[in-house]
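Colleague: I should like to learn how the features of a structure such as this one are to be read. May we go through them in turn?

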Amino acid sequence: DREFIRRLIKAGERVVFDKNIIVEHRHQFTLKSFLFYYYRIGCGSHLLYNVANLEKSLRLKTNPFKNIISMFLAIGKNESIFRRIRLIILAMTAQFLIFVGFVYARFKKVSDLRAINVSE
């Protein structure tokens, strides 16, 4: 998503955040693949922001904290309270793994995601 937004901005398109749009992702995860998937998203975020900073092309006017809060409030809106709590815990875990992946990639100066494999 972020790379797509970067290319839209670079092409001169206008990108806005609309809190009324809800995207639902469905994946068939095992616990291990879930953890690794979001960890790699964090690593990829590091790479994207390195490219964007070099190009000076990613100037999003957003409030990440506000966006995350909006996301958590929208999760499982029509679900039972117990399912909603489980979904929020999964989303929090995913956000934490994204952060860990970003920090790891920055610390290790990762320049190619293909170098990161499941055994790390």
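Colleague: How many salt bridges does a search of the whole structure find?

Modeller: A salt bridge is a side-chain nitrogen of Lys or Arg within 4 Å of a carboxyl oxygen of Asp or Glu. The search of the whole structure finds one. In it the side chains of Arg-83 and Glu-79 meet, at 3.2 Å from N to O. This is a predicted model, in which local features need pLDDT of at least 70 and side-chain atom pairs count only at pLDDT 80 or more, while totals for chains, interfaces and linings use all residues. Residues are numbered from 1 along each chain as its sequence is written, and side-chain values use heavy atoms, with hydrogens and water left out.

Colleague: Are Arg-83 and Glu-79 buried or exposed?

Modeller: Buried means under 20% relative accessible area, exposed over 50%, and partly exposed in between (1.4 Å probe, protein chains only). Arg-83 counts as partly exposed because its relative accessibility is 37%. Glu-79, at 40%, is partly exposed as well. Of the 120 residues of the protein, 21% count as buried.

Colleague: How is the secondary structure read, and what does it come to?

Modeller: Helices (H or I, at least four residues) and strands (E, at least two) are DSSP runs, numbered from the N terminus. Here there are four helices and zero strands, in the pattern α-α-α-α along the sequence.

Colleague: Which element has the lowest mean pLDDT, and which the highest?

Modeller: The pLDDT is the predictor's confidence in each residue, from 0 to 100. Helix α3 (residues 64-74) has the lowest mean among the elements, 75, and α4 the highest, 89. For the protein the mean is 78, and 80% of the residues reach 70 or more. Where pLDDT is low, the predicted coordinates should not be read in detail.

Colleague: Where does His-46 lie, and with which residues is it in contact?

Modeller: Contact means heavy atoms within 4.5 Å. His-46 belongs to helix α2 (residues 31-55) and is buried, because its relative accessible area is 6%. Neighbours within four places in sequence aside, His-46 is in contact with Phe-102, Ala-105, Arg-106 and Val-110. Its side chain reaches the backbone oxygen of Ala-105 at 3.5 Å, and a polar contact is a pair of N or O atoms within 3.5 Å; within protein, one must be able to donate a hydrogen and the other to accept it, and residues adjacent in sequence count only if both atoms are side-chain atoms.

Colleague: How far apart are Val-100 and Tyr-38 in sequence and in space?

Modeller: They are 62 residues apart in sequence and 9.2 Å apart in space, C-alpha to C-alpha. Val-100 is found in helix α4.
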